[in-house]
Amino acid sequence: MAIDSSTPAAVTTPVPAPPGPDRLSGRARLVLLVLCAAQFMVSLDFSVLNVALPVLGDDLGLSRSGLQWAITAFALPSGGFLLLFGRIADLYGRRRLFLTGLAVFGAASLLATLAWNPAAFLTGRALQGLGAAVIVPTGMSLLTTTFPEGPLRDRALGISGTLLSLGFTVGMVAGGTLTDTLGWRSTMGLLTLASVVVLAAAPALLTESRTPDRPRLDIPGAVTVTGGLLALIYALSTAAEHGFGRLDVQAALAAGVFLLVAFGVVESRASAPLVSLPMLRRRTVAFGNLGGLLTFSMMSTIVFVLTLYLQEVLDLSAFGTGLVFGVQGIVSVVAGVYAPKVIGRIGARRTLSVSLLGQGLFIAALLGLGADSGIWLATVAVSLASMCHLGAIIAYGLTVTSGVPDEEQGLATGLVTTTQQVGLTVGIPLLGVVATTQASLFDGVRTVIAVAAGLLIVAAGVVAAGLRRAS
């Protein structure tokens, strides 16, 4: 990736002053639209493929347990490289990397569309993840530096969260429709088209943004954290399917732990660290990211196993499955409208813990699913769980990034989105594989539901206690 360091530095993306303290100006709305459209596209990627997984597996020859790699191949690089690209964007230009990420994502989507075997498809998915690792932190840091902390940022993040849910809704419904009519390849083709549209609009609206002081990039920190995350995610993903007895799993796990420990040592001595250790010691960052990790990992896992349950246990079509999750997305969009208002009344920290608790309780209600019926229960329970999930998404983003100066927003949002992608990566392999490898898929689904609900309920208490003591 070529980086031109000769462009003069600018602190934030210039946006005309809003007409009032709580209102967005016309240009600010357009900037927000472009940034949210990119996040929408990444959200669309996950959901549009999720509903097509069973058909995709039959066509390309991926086993039921191997289907997790359609998700993991994307999440592995996106989780591993987020911190690195977030920091590079801070130093060398958020707009430049944002546009680069869009181009990589579009090309990778085209490769996935034309994939002729599992290897080609998974390569396309991995490159999509690499593009997302650029798009997500740069887009979020452009958003948080564009909109000052307070009502405007709360509203912008609320709109962003709503559009993320809308992307999930559109992806589920479109994924089912496209899979049943044009085949699973059309779902990847939709992402190719979406990336072209966003890439065409972005340059005219976004101006360059970077930190005013440009310290040297922390190369040792970048190498150790990226290598450590990649090794650890690979080890957990592979162990979930094959166990911890394999040599490659043990080697990757050891390498991951060693590199992450080395990363901590490197950062404690670096003059311009990739990650500020004092930031990681903040309770809002630590417990906020814990809540984010649990809400993403458990929700993505539940969606994965419910897709298999609806299509393989209840024999529901891909289109019907898309409608079930479409209702979920509509409820989430409505929740996205009201979540900022709830946060304004009770605060982001309390909203996070309450949302985690609600998500856990509604997921627990899915234990009432039957082996021959359960469509209505699945629709209602997963929709209400998703409503709480969206509240947790917005609340944990605000909790982690509040009080962080503009020059570190790329780092803070990198931590937020790393948590998101690691959650997506770890949840499905570690829990989703329980459903896909047991003799009875139905029994496996129930086990995953019970574990996910329990973890969320416990996490709600831990996060509430931790954030209550935060200064």
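Confidence in this predicted model varies along the chain, with the lowest mean pLDDT among its helices and other elements found in helix H15 (residues 409-437), at 67, and the highest in H13, at 92. Over the whole chain the mean pLDDT is 77, and 77% of the residues reach 70 or more. Across residues 1-20 the pLDDT stays under 50, and the model has 43 contacts beyond four places in sequence for this segment.

The secondary structure consists of 16 helices and 0 strands. The chain has 471 residues, of which 58% count as buried. Among contacts with a separation of 6 or more, 84% are accounted for by residues 24 or more positions apart. The accessible surface of the chain amounts to about 17200 Å², and carbon and sulfur atoms contribute 68% of that area.

The largest nonpolar core contains 112 residues, and the members that touch the most others are Phe98, Leu102 and Phe121. Helix H11 (residues 283-313) supplies the largest share of this core, with 13 residues. The surroundings of Leu102 can be listed individually: beyond the residues up to four places away in sequence, Leu102 touches Ala38, Met41, Ile135, Ser195, Val198, Leu199 and Ala202. In soluble globular proteins, nonpolar side chains tend to be buried together.

Helix H13 (residues 348-364) includes Ser353. This residue counts as buried because its relative accessibility is 11%, below the 20% limit for that class. Outside its neighbours within four places in sequence, Ser353 is in contact with Ala460 and Ala464. The C-alpha atoms of Ser353 and Tyr396 lie 9.4 Å apart, with their positions 43 residues apart in sequence. The helix that holds Ser353 is also the element in which confidence is highest.

A second set of positions concerns helix H2 and the loop that follows. Leu67 is located in the loop between helix H2 (53-60) and helix H3 (68-92). With a relative accessible area of 4%, Leu67 is buried. Apart from residues up to four places away in sequence, Leu67 touches Leu53, Pro54, Gly57 and Leu62. For the pair Leu67 and Leu53, a sequence separation of 14 residues corresponds to a C-alpha to C-alpha distance of 6.7 Å. Asp59 belongs to helix H2 and is partly exposed, since its relative accessible area is 45%. The contacts of Asp59, residues up to four places away being excluded, are with Trp184 and Arg185. Asp59 and Pro118 are 59 residues apart along the chain, and their C-alpha atoms are separated by 9.5 Å.

Helix H4 (residues 94-114) contains Leu110. Leu110 counts as partly exposed because its relative accessibility is 42%, a value that falls between the limits of 20% and 50%. Leu110 and Gly124 are 14 residues apart in sequence, and the distance between their C-alpha atoms is 7.8 Å.

On the surface, Ile330, Val334, Val337 and Tyr338 make a nonpolar patch of about 380 Å². Of these residues, Tyr338 is placed in helix H12 (residues 318-346). Its relative accessibility of 48% means that Tyr338 counts as partly exposed. The loop between H11 and H12 holds Asp315, a residue that is not a glycine but has a positive phi of about 60°. Asp315 counts as exposed, because its relative accessibility is 64%, over the 50% limit.

The structure holds 1 salt bridge. It joins the side chains of Asp248 and Arg246, with an N to O distance of 2.8 Å. Both partners fall in the partly exposed class: Asp248 has a relative accessibility of 27%, and Arg246 has a relative accessible area of 33%.

Note on methods. Residues numbered from 1 in each chain as written. Predicted model: local features only at pLDDT ≥ 70, side-chain atom pairs only at ≥ 80, totals over all residues. Heavy atoms only, no water. Core = buried A, V, L, I, M, F, W, Y, C linked by side-chain atoms within 4.5 Å. Buried < 20%, exposed > 50% of the residue type's maximum accessible area, 1.4 Å probe, protein only. Helix = DSSP H or I, 4+ residues; strand = E, 2+ residues; numbered from the N terminus. Contact = heavy atoms within 4.5 Å. Areas by Shrake-Rupley, 256 points an atom, 1.4 Å probe, with all protein chains shown as cover. Patch = residues over 30% accessible without salt bridge, like charges linked within 9 Å, V, L, I, M, F, W, Y side chains within 5 Å. Salt bridge = Lys/Arg side-chain N within 4 Å of Asp/Glu carboxyl O. pLDDT = per-residue confidence, 0-100.
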